[in-house]
Amino acid sequence: MNSEEISVIKKLLNTVKKIVVVGHKNPDGDAIGSCLGLSNFLRQLGHQVTTVMPNDFPVFLKWIPEASEIINLEQDSQKTISAINEADLIFTLDFNALHRTGDLEEYLEKATADFILIDHHQKPDDYAVVIYSDVAMCSTSEMVFHFMEYLDRINFLNKEIATQLYVGIMTDTGSFRYPATTATTHRVIANLIEAGAKNSTIHQNVYDTNSPDRLKLLGVALNNMVMLPEYKTAYITISQEELNENNFKKGDTEGFVNYALSMTGVVFAAIFIENKKEDIVKISLRSKGSFSVNDFSRNHFNGGGHINAAGGRSLTSLNQTVTNFISLLPDYKSALNES
Ligand code: 5GP
Ligand code: MN
């Protein structure tokens with residue numbers, strides 16, 4: 001943020017405000033961590049803060065401090081809509097366009113509040129009075145730490161915020177291994193540990209929570225994996241029936257796509273997950289090197305994200321989606337082989 005943007009924010013936060021902090025649909029660790037961290041900070045500044053999500057989030061994030069205070073449109077529609085309508089100020093975190101909030105979009109569009117965007121995805125939309133966007137950042141949670149620094153209020157960092165932001169940074173960096181993880185990220189993490197984040201416990205709470213059902217579903221996914229060596233590509237499919245057979249719960253397929261990407265010689269990995277309720281196929285794309293899955297998803301699957309991690313959706317059947325995906329690869333052959 002430049003000094004002008006910082007002073008706009010300082011001015012907005014100078015008087016007590018009703019504030020809503022909102023994350024994206026199907027919130028992940030970074031959405032939950034960054035929203036909770038910012039909410040805690042803003043409450044310490046004396047504001048009245050409501051943390052809002054479009055829908056529920058996975059069990060492996062429920063233990064995070066203050067996670068139980070989050071309300072979502074799906075389960076608490078009246079409270080959620082009122083909070084948005086009554087807000088003076090709305091912070092939107094970890095997404096770049098209002099449609100990423102699903103059914104919340106229409107209420108956010110009607111809101112009279114000023115918006116502030118904090119996010120690290122490509123191409124942020126222009127709906128906020130301050131756009132704190134930095135696509136080089138590993139996570140929105142790291143940005144919330146810097147946001148507190150910009151406001152000269154890093155002394156407000158407490159154990160809860162430290163834990164919340166640690167979760168966001170850890171999950172969005174694949175435990176500090178993706179290229180966007182910088183020396184600064186590690187310095188921020190050092191600060192969070194000093195402020196009370198229990199790093200080892202946090203890793204256990206998030207990653208060592210497998211159910212037998214999830215591991216069986218992983219078995220199904222790995223069994224369905226297809227390699228396309230010519231394109232340095234591997235993909236996984238999971239049908240609605242396979243989800244049902246393994247008692248699928250939200251979050252169970254998180255990280256599956258990374259197994260495809262972990263194979264020697266693979267630079268592009270995809271997972272296609274059938275969702276009969278929404279009548280879509282949810283797609284997650286991952287890459288290594290220069291091949292942009294953000295562009296690939298924008299161009300072909302109504303999605304987006306980052307260069308090496310993006311998501312999207314398809315409105316055709318699972319089979320048709322995969323056929324379509326394979327038919328696109330020849331055009332990318334050289335890009336994939338150079339990635
Ligand atoms: P995931 O594959 O884990 O759902 O998402 C990977 C990245 O892409 C995340 O940063 C996520 O925010 C973004 N993403 C996922 N789905 C979509 C989508 O439908 N549209 C856009 N623009 N971004 C998405
Ligand atoms: Mn993120």
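Mentor: Let's start with a cut-off: a disulfide is a pair of cysteine sulfur atoms within 2.5 Å. Before we use it, note that this is a predicted model, where local features need pLDDT of at least 70 and side-chain atom pairs count only at pLDDT 80 or more, while totals for chains, interfaces and linings use all residues. Residues are numbered from 1 along each chain as its sequence is written, chains are lettered from A and ligands numbered from 1 in the order in which they are written, and side-chain values use heavy atoms, with hydrogens and water left out.

Trainee: Okay, how many disulfides does a search of the whole structure find?

Mentor: The general idea is that a disulfide is a covalent bond between the sulfur atoms of two cysteines. Here the search of the whole structure comes up with 0. C35 is in no disulfide, and the nearest cysteine sulfur, in C138, is 16 Å away.

Trainee: And why is C138 without a bond?

Mentor: Because its closest cysteine sulfur, that of C35, lies 16 Å off, which is too far for a bond.

Trainee: Are C35 and C138 buried or exposed?

Mentor: You read that from relative accessible area: under 20% is buried, over 50% is exposed, and in between is partly exposed, with a 1.4 Å probe and protein chains only. C35 has 0% relative accessibility, so it is buried. C138 is buried too, because its value is 4%.

Trainee: Next, the ligand. How many residues surround ligand 1?

Mentor: A residue is near a molecule if one of its heavy atoms lies within 4 Å of it. For ligand 1 you get 13 residues, with R100, H121, S284, R286 and G304 as the closest. By class, the shell holds 2 nonpolar, 8 polar and 3 charged residues. The convention is that Ala, Val, Leu, Ile, Met, Phe, Trp, Tyr, Cys and Pro are nonpolar, Asp, Glu, Lys and Arg are charged, and the others, Gly among them, are polar.

Trainee: Which polar side-chain atoms lie at short range from an oxygen atom of ligand 1?

Mentor: Think polar contacts: N or O pairs within 3.5 Å; within protein, one atom must be able to donate a hydrogen and the other to accept it, and residues adjacent in sequence count only if both atoms are side-chain atoms. S284 has a polar side-chain atom 2.6 Å from a ligand 1 oxygen. For H121 that distance is 2.7 Å, and for R286 it is 2.8 Å. On its own, ligand 1 has 490 Å² of accessible area, and the protein covers 83% of this. Areas like this come from the Shrake-Rupley method with a 1.4 Å probe, and for residues only the protein chains shown count as cover.

Trainee: Which element gives the largest share of the shell around ligand 1?

Mentor: Elements are DSSP runs numbered from the N terminus: helices (H or I) need at least four residues, strands (E) at least two. Strand β12 gives the largest share of the shell, with 4 residues.

Trainee: Where does S284 sit, and what does it touch?

Mentor: S284 is part of strand β10. It is buried, because its relative accessibility is 19%. For contact, look for heavy atoms within 4.5 Å. With residues up to four places away in sequence left out, S284 touches V257, A269, A270, I271, A310 and G311.

Trainee: What about D28 and its contacts?

Mentor: D28 sits in the loop between β1 (18-22) and α2 (29-44), and it is partly exposed at 22%. Apart from neighbours within four places in sequence, it contacts L61, D94 and D172. Its side chain also makes a polar contact of 3.3 Å with that of H24. Sequence separation can mislead you here: D28 and E254 are 226 residues apart along the chain, yet their C-alpha atoms are 9.2 Å apart.

Trainee: D94 came up there. What is its phi?

Mentor: Positive, about 70°, although D94 is not a glycine. You'll find D94 in the loop between β4 (89-93) and α4 (105-110), buried at 1%. K232 also has a positive phi, about 50°, without being a glycine. K232 lies in the loop between β7 (226-228) and β8 (233-238) and is partly exposed at 25%.
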